[in-house]
Amino acid sequence: MNQHIEITRIFDARRDLVYRAFTDPDQLARWFGPEGCSVPRDSIEIDARPGGHLRFLMTGPDVSTRVDTVFTEVVENEVLAAEMEAAGVPGVAGPLRVQLRLEFHDEGNDKTRLELRQGPFADGQLGADTRSGWESSFTKLDTLF
Amino acid sequence: MGNDQLSVVFGALADPTRRAILARLADGEATVSELAAPFPISMPAISRHLKVLERAGLISRSRSGQHLSSTLRPAPLQEAAGWMERYRQFWDGSFDRLDAHLRRAASGRESQ
């Protein structure tokens with residue numbers, strides 16, 4: 001465990017189709033957010049180019065989170081990288097700021113391997129001096145459970 | 001655990017000596033001199049580390065006779081780990097729905 005979340009997932013769809021599911025607001029509204037959460041279509045704005053924004057509102061039973069994302073790197077069908085800022089995240093007093101990177105890779109047979117990296121978490125709430133210690137903190141933390 | 005308390009916990013964990021102290025306490029309670037033994041630092045320095053850990057709620061301290069014993073309190077560690085786990089669950093849940101969405105889209109194309 002470290003301060004970033006890393007998830008790799010294989011989807012049974014071509015790379016351009018998976019990429020489009022992230023950049024087409026009609027599609028994003030249909031799947032984004034876990035069960036019980038929804039992202040209203042009319043709250044979504046996507047301008048998928050460097051400096052462009054992805055904005056949306058995520059609503060759930062006890063939470064309403066407004067997310068503003070600025071794309072830092074966009075390579076069509078390959079990479080989406082962005083700085084996210086979310087207000088109203090449960091357990092976080094101020095706005096949460098994290099980086100998100102999505103890479104879309106061919107996996108053969110028209111499948112796509114999506115690699116996600118998001119973090120660092122709690123950065124800015126902790127201060128720069130604790131940043132270097134965080135990763136090893138969590139390595140140690142695992143041994144304590 | 002509020003955000004401020006979470007920051008205090010992560011701050012307390014951001015020091016190798018304090019993490020080593022916690023690892024030692026995972027084996028059972030210990031006195032200040034027992035905790036200080038493996039480290040080339042003074043007892044007062046160990047005491048300062050223990051105060052930081054106590055403020056973070058990661059240990060509790062009790063006096064038995066003339067000895068002050070420290071005991072690990074694992075709950076804040078689990079909460080800190082759980083806080084990040086929520087974000088992983090967010091994506092896992094979203095990707096289950098994306099998977100279903102892509103399958104629906106694919107079968108829609110085939111039937112056209």
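**Figure 1. Val67(A), a buried residue in a strand of chain A**. In this predicted model, Val67(A) counts as buried because it has 20 C-beta neighbours inside 10 Å, and a residue needs 20 or more to earn that label. You can find Val67(A) in strand E4, which covers residues 63–75 of chain A. Which residues is Val67(A) in contact with, leaving aside its neighbours within four places in sequence? They are Arg55(A), Phe56(A), Met58(A), Met84(A) and Ala86(A). Look for Ala87(A) too: this residue is 20 places from Val67(A) in sequence, yet the two C-alpha atoms are 6.6 Å apart in space.

**Figure 2. Chain A, the setting of Val67(A)**. Step back and trace chain A from its N terminus, and you will meet its elements in the order β-α-α-β-β-β-β-β-β-α. That makes three helices and seven strands. How much of chain A is buried? Buried residues account for 21% of its 145 residues. Of the contacts in chain A between residues at least 6 apart in sequence, 37% link residues at least 24 apart.

**Figure 3. Helix H4 of chain B and its buried face**. Here is a helix you can check with a little arithmetic: H4(B) has 13 residues (43–55), so at 1.5 Å a residue it should span 18 Å. The C-alpha atoms at its ends are 18 Å apart, in agreement with that expectation. Which residues of H4(B) are buried? Look for Ile46(B), His49(B), Leu50(B) and Leu53(B). Seen down the helix axis, the buried residues fall within an arc of 100°, and therefore they line one face of H4(B). On the face turned away from this buried side sit Pro44(B) and Lys51(B), which are exposed. Follow the chain just past H4(B) and you reach Gly57(B), with a positive phi of about 80°.

**Figure 4. A hairpin in chain B, made by E2(B) and E3(B)**. Strand E2 (residues 59–64) and strand E3(B) run antiparallel, joined by six bridges. One pair to look for is Ser64(B) with its bridge partner His67(B) in E3(B). How many residues lie between the two strands of the hairpin? There are two, and Gly65(B) in the turn has a positive phi of about 65°.

**Figure 5. Strand E1 of chain B beside E3(B)**. E3 (residues 67–72) of chain B also pairs with E1 (residues 30–31) of chain B. These strands run antiparallel and are joined by two bridges. Which residue of E3(B) stands opposite Ala30(B)? Ser70(B) takes that place.

Key: Residues are numbered from 1 along each chain as its sequence is written. Chains are lettered from A and ligands numbered from 1 in the order in which they are written. This is a predicted model: local features need pLDDT of at least 70, side-chain atom pairs count only at pLDDT 80 or more; totals for chains, interfaces and linings use all residues. Helices (H or I, at least four residues) and strands (E, at least two) are DSSP runs, numbered from the N terminus. A residue is buried if 20 or more other C-beta atoms lie within 10 Å of its own, exposed if 12 or fewer, and partly exposed in between; C-beta atoms are placed from the backbone. Two residues are in contact if their C-beta atoms, placed from the backbone, lie within 7 Å. The expected span of a helix is 1.5 Å times one less than its number of residues. The arc is that of the directions from the helix axis to the C-beta atoms. Two strands pair if DSSP finds at least two bridges between them.
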